[in-house]
Structure formats: structure tokens, C-alpha cells
Amino acid sequence: MNSISQETLAQLFTHARTANAWLDKDVPEEILHRLYDLAKFAPTSANCSPLRVVFVKSAAAKQRLKPFMSAGNQDKTMHAPVTAILAFDMDFASHLPKLFPHVDARPWFAGTDTAVRTVALRNSTLQAGFFIAAARALGLDTGPMSGFDEPGLNAEYFAGTRYEANFLVSLGYADTAATKERLPRFGFDEVCKVL
């Protein structure tokens, strides 16, 4: 596999920023389909794919979401063209006959809700990282955030399911005039070891 261009690396990583303010520019539903169709290729344990996504796009849908956002996240969420609720399915193992058909992997993930939640959360978060990279690859800016009423949001959107919210990502085109200076990151030698 070949390395990608510096320009592409910049778009995905080094120049990409978390967006907190948005241009009034629509994100067509076609792009949301393309976004998911890229993100679905993230690696997961036994291809379990526990990520579930609710795209909040219409004005009415945003008003439904608003009460569950923390005060600091309400305005930017309401102004974002789309906000994706990234959730995980605690019943992911029931889909393994379709997703991992060559062996019955369901017993691998049997156990307490705590053990199942660990697998679902870990793998959906891995998928969510790919989701953000896929959005950037398609020219979207992203604003990942927690800061929401998790029990309330779960009751509103996922009642009667085994889905649970992980975090939210606003999507659109950033108002770069509101972008702050990049914050520091750790250097390799500060946090990495090669053994």
C-alpha cells in the first residue's frame, strides 16, 4: 500500500480542526450516505460493527435534540448543518451470523451487560474515529462532542432498543473565522515507547 499525499494527510490530520462555528451551507443527504459507506469499513472485532447513527438535519429534528445538549453545546449544535448521534448497539452479537458468517461468533460476546458494553463501546468508538476521518475525506468539517444528557437522549431516541449514545459529531463547513489556534499535542517521546 502506498503512502497518501501530504495534501491528503493535511486534510485528514494536520490541518483538520474541530469546528465550533458553521457556515450556512447545506450538507446533502447524498454526502451522508457516502460518509457512512466509507466509515462502515472500519475494523471491528469479528466484524461486529456496533455503530448506529442518527443524522439530525431538519430544523424540527434539531429542536428535538436541543433540550439534551449542555448549555455550551446548544448554539453550535443548532447552527450545524447536521449533527450525528453516534451510538452503539448492545445487541450487536445478534447480527454476527450476517456479518461474520463463517463461524458462530455469538458465544464470544456473551456475558454480562458490562462485558458486552465494553466490546460495543470500544468497537463503536473505533468506527467513530473512521467516521470522522471519512467526513474529513469528503470535505466536511467535524465537531465531535460529549456534553449532553445521556439518559435523556437515550430515552428520546433509543427507547425500545438496545442502543446507547456514545458521543455526537456535528458536520458541515466550518466558519474558519471562529477557529481558534491549535492546542498543543504531546510529542512522540512524551507518550510513546518502542520496545
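The following questions and answers go through helix packing, individual residues and side-chain contacts in a predicted model.

User: Which residues does the model rest on for its local features, and how are residues numbered?
Analyst: Residues are numbered from 1 along each chain as its sequence is written, and side-chain values use heavy atoms, with hydrogens and water left out. Because the model is predicted, local features need pLDDT of at least 70 and side-chain atom pairs count only at pLDDT 80 or more, while totals for chains, interfaces and linings use all residues.User: At what angle do the axes of helix H1 and helix H6 cross?
Analyst: Two packed helices are described by the angle between their axes and the distance between the axes. Here the axes are lines fitted to C-alpha atoms, for helices over the stretch in contact, and angles run from 0 to 180 degrees between N-to-C directions; helices are DSSP runs of H or I with at least four residues, strands are runs of E with at least two, and both are numbered from the N terminus. The axes of H1 (residues 6-14) and H6 (residues 113-137) come within 9 Å and cross at roughly 130°. That makes H1 oblique to H6, since angles under 35 degrees count as roughly parallel, over 145 as roughly antiparallel, 65 to 115 as roughly perpendicular and the rest as oblique, and the angle asked for is roughly 130°.

User: Which residues of H6 are met by H1?
Analyst: Contact means heavy atoms within 4.5 Å, and from the H1 side Gln 11, Leu 12 and Phe 13 take part. The residues of this contact divide into four nonpolar, one polar and one charged, where Ala, Val, Leu, Ile, Met, Phe, Trp, Tyr, Cys and Pro count as nonpolar, Asp, Glu, Lys and Arg as charged, and the others, Gly among them, as polar. On H6 the residues met are Ala 133, Arg 136 and Ala 137.

User: What is the handedness of the crossing in which H2 passes H6?
Analyst: The axes of H2 (residues 29-39) and H6 come within 8 Å and cross at roughly 130°, which makes H2 oblique to H6. A crossing is left-handed if the near helix is turned anticlockwise from the far one by less than a right angle, and right-handed if clockwise. By that convention the crossing of H2 with H6 is right-handed.

User: How many nonpolar residues does the contact of H2 with H6 hold?
Analyst: Leu 35, Leu 38 and Ala 39 in H2 meet Phe 130, Phe 131, Ala 134 and Ala 135 in H6. The contact has no polar and no charged residues, and the count of nonpolar ones is seven.

User: Is Thr 83 buried or exposed?
Analyst: Thr 83 lies in strand S2 (residues 82-89), and leaving aside its neighbours within four places in sequence, its contacts include Val 54, Phe 55, Leu 65, Met 145 and Leu 168. Buried means under 20% relative accessible area, exposed over 50%, and partly exposed in between, with a 1.4 Å probe and protein chains only. At 2% relative accessibility, Thr 83 counts as buried.

User: Which side chain makes a polar contact with the side chain of Thr 8?
Analyst: Thr 8 is placed in helix H1 and is partly exposed, with a relative accessible area of 32%. A polar contact is a pair of N or O atoms within 3.5 Å; within protein, one must be able to donate a hydrogen and the other to accept it, and residues adjacent in sequence count only if both atoms are side-chain atoms. At 2.9 Å, the partner of the Thr 8 side chain is that of Ser 5.

User: Where is Ala 46, with its positive phi, found?
Analyst: Phi of Ala 46 is near 50°, a positive value in a residue other than glycine, and Ala 46 is buried at a relative accessible area of 15%. Asn 47 also has a positive phi, of about 55°, but counts as partly exposed at 31%. Ala 46 is found in the loop between H2 and strand S1 (51-56).

User: Which residues offer a backbone oxygen 2.8 Å from a polar atom of the side chain of Arg 182?
Analyst: Arg 182 lies in the loop between strand S4 (163-172) and H8 and counts as partly exposed at 35% relative accessibility. Leaving aside its neighbours within four places in sequence, Arg 182 is in contact with Phe 13, Thr 14, His 15, Ala 16 and Arg 17. The backbone oxygens at 2.8 Å from its side chain belong to Thr 14 and Ala 16.
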